[in-house]
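Biologist: Could you take me through one part of this model up close, strand by strand and helix by helix? I'd like to know who sits beside whom.

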Amino acid sequence: MFTALVVEKDADGKTHAGVKQLPLGDLPPGNVTVAVEYSTLNYKDGMCLGSGGGLVRTYPHVPGIDFAGTVEASDDPRYVPGDKVVLTGWRVGEVHWGGYATRARVNADWLVPLPAGLTTRQAMAVGTAGFTAMLAVMALEDHGVTPERGEVLVTGAAGGVGSVAVALLAALGYRVAAVTGRPELGDYLRDLGAARIIARADLSEAIKRPLEAEAWAGCVDAVGSVMLARVLGQMQYGGSVAAVGLAGGADLPATVIPFLLRGVNLLGIDSVMRPYDDRVRAWARIAADLPMAQLEAMIRPATLADRPGLGAEILKGQVQGRVVVDVN
Ligand code: NDP
């Protein structure tokens with residue numbers, strides 16, 4: 001038997017979640033079985049814990065889009081029992097049962113070895129959100145954004161992606177401006193490395209002019225919509241924006257003028273289908289570049305039973321930093 005947080009759907013279409021004991025035979029097909037130690041809470045988990053938001057196809061469902069743990073059984077030559085592994089993406093926790101359980105059965109192709117220097121708890125403090133923040137920073141680097149080029153902006157800064165992006169960029173020597181709608185979290189963001197705080201309201205009004213004063217060499221954007229449109233118009237000549245999220249909306253009420261007149265780059269960041277080599281490279285960079293004291297400051301511990309309430313919180317943008325779930 002194993003323990004899982006199971007989401008079920010009533011005949012009237014309503015979903016409800018509860019912690020249950022299930023036989024191991026209920027695990028989905030896969031060639032590696034992992035004894036899960038930690039999972040986390042991401043925006044998508046909030047959706048999968050509630051109505052599903054179109055992500056979950058069948059019920060009963062075990063959410064949890066990421067996990068870290070120890071291989072218990074493997075039919076794949078790349079992994080043997082006792083190996084420490086991490087999983088993010090591949091639609092695990094959406095169409096495949098995920099990490100909110102003491103066991104997960106998955107395809108070996110979806111796993112990466114736990115990077116040297118990280119514990120499974122630290123890996124999940126990073127989780128999908130932090131892994132994606134690293135991919136965004138690497139994309140900015142690949143497009144020539146360096147600390148010497150000027151200030152960088154992080155939107156949705158007090159959330160999971162934002163918190164890790166602030167800490168990473170500051171540790172890499174960038175001067176970081178952090179956009180937040182929660183001014184009370186200014187000290188938290190400064191402790192992560194933000195040099196200054198920008199009020200969400202300053203970037204919440206629709207664009208009036210396609211170009212504003214050139215302010216940012218780079219940006220990690222977790223918000224989208226009006227805020228991304230405003231940021232595009234504020235980029236320095238040749239600057240780059242890594243578009244990660246849609247916490248403020250999936251639309252983009254912008255013009256193409258920043259691309260045409262300032263050579264601004266809008267870089268799409270996907271973490272879900274990322275090829276294996278990129279994943280290994282990003283996790284190695286996380287282990288090398290993310291200060292562990294700052295990571296620790298982002299952690300809010302939780303258990304499986306806390307999940308449903310926390311799912312609603314993250315959808316309202318009320319979670320600070322990274323929620324780490326000890327599933328045992
Ligand atoms: P969080 O909820 O932890 O963070 C989002 C932050 O955005 C909030 O904390 C808040 O920050 C800000 N925010 C929330 N609502 C609004 C709003 N209406 N307008 C402006 N700002 C808002 O989520 P995550 O960090 O886990 O994820 C952030 C986004 O990135 C999500 O949209 C998620 O789906 C996406 N994502 C994408 C991935 C990919 O592969 N591309 C992978 C992981 C996440 P503050 O309070 O500081 O203003």
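Modeller: Start with Val 152, which stands opposite Gly 218 in β11. This is a predicted model, so take everything here as computed. The strands β8 and β11 pair in the parallel sense, over 3 bridges. On β11 itself, 6 of its 6 residues are buried. Moving on from β11 to β12, you find 5 bridges, and these two strands also run parallel. If you want a pair to click on there, try Cys 219, whose bridge partner in β12 is Val 241.

Now zoom out a little. Those strands belong to an open sheet of 6 strands, in the order β10-β9-β8-β11-β12-β13, with parallel pairing. At the edges are β10 (196-199) and β13 (265-268), each of which pairs on one side only. On average, neighbouring strands of this sheet are turned by 20° against each other, ignoring direction. Over towards the β10 edge, β9 (residues 176-180) is joined to β10 by 4 bridges, again in the parallel sense. Ala 178 has Ile 197 as its bridge partner in β10.

Next, the helices on this sheet. Helix α5 (residues 225-234) packs on the sheet and touches β8, β11, β12 (235-243) and β13, and its direction makes about 150° with that of β12. Helix α3 (residues 160-171) lies across β8 (152-154), β9 and β11 (216-221), running at about 160° to β8.

Stay with α5 for a moment. This helix is mostly covered, with 7 of its 10 residues buried. The buried ones are Met 227, Leu 228, Arg 230, Val 231, Leu 232, Gly 233 and Gln 234. What do they pack against? The buried residues of α5 pack against β8, β11, β12, β13 and also α6 (257-262). Ser 225, also found in helix α5, has a phi near 55°, which is a positive value in a residue other than glycine. Ser 225 counts as partly exposed because it has 19 other C-beta atoms within 10 Å, and a buried residue needs 20 or more.

The ligand is worth a look too. There are 32 residues around it, and Gly 156, Ala 158, Gly 159, Gly 245 and Gly 317 come nearest. Helix α3, which you've already met, supplies at least two residues of that shell, and so do α1 (43-49) and α2 (120-142). By class, the shell has 15 nonpolar, 13 polar and 4 charged residues.

Now for another set of strands, the ones around β3. Strand β3 (residues 32-40) is mostly covered, with 8 of its 9 residues buried. It pairs with β4 (residues 66-74) through 7 bridges, and the two run antiparallel. Within that pairing, Ser 39 has Phe 67 as its bridge partner in β4. Strand β3 also pairs with β6 (residues 103-106) in the antiparallel sense, over 4 bridges, and there Ala 35 is partnered with Arg 103. Finally, 3 bridges join β3 to β15 (residues 322-326), antiparallel once more, with Thr 40 bridging to Val 324 in β15.

A few backbone spots in the loops deserve a click. The peptide bond from Tyr 59 to Pro 60 is cis, with omega near 0°, and Pro 60 is found in the loop between α1 and β4. Arg 91 is in the loop between β5 (84-88) and β6. Its phi is positive, about 65°, although Arg 91 is not a glycine. With 15 C-beta neighbours inside 10 Å, Arg 91 counts as partly exposed.

Then there's Lys 14, in the loop between β1 (2-9) and β2 (15-22). Is Lys 14 buried or exposed? Lys 14 is exposed, because it has 10 other C-beta atoms within 10 Å, and 12 or fewer counts as exposed. The C-alpha atoms of Lys 14 and Ser 51 are separated by 7.2 Å, though these residues are 37 apart along the chain.

As for the record, an unreviewed UniProt entry carries the annotation "domain: Enoyl reductase (ER)" over residues 18-325. Across residues 18-325 the chain is 31% helix and 24% strand, and the end C-alpha atoms are 15 Å apart.

Key
Residues are numbered from 1 along each chain as its sequence is written. This is a predicted model: local features need pLDDT of at least 70, side-chain atom pairs count only at pLDDT 80 or more; totals for chains, interfaces and linings use all residues. Two strands pair if DSSP finds at least two bridges between them. Axes are lines fitted to C-alpha atoms, for helices over the stretch in contact, and angles run from 0 to 180 degrees between N-to-C directions. Two residues are in contact if their C-beta atoms, placed from the backbone, lie within 7 Å. UniProt positions are given in the numbering used here, feature names are shortened, and annotations may be inferred rather than shown by experiment. A residue is near a molecule or strand if its C-beta atom, placed from the backbone, lies within 6 Å of it. Ala, Val, Leu, Ile, Met, Phe, Trp, Tyr, Cys and Pro count as nonpolar, Asp, Glu, Lys and Arg as charged, and the others, Gly among them, as polar.
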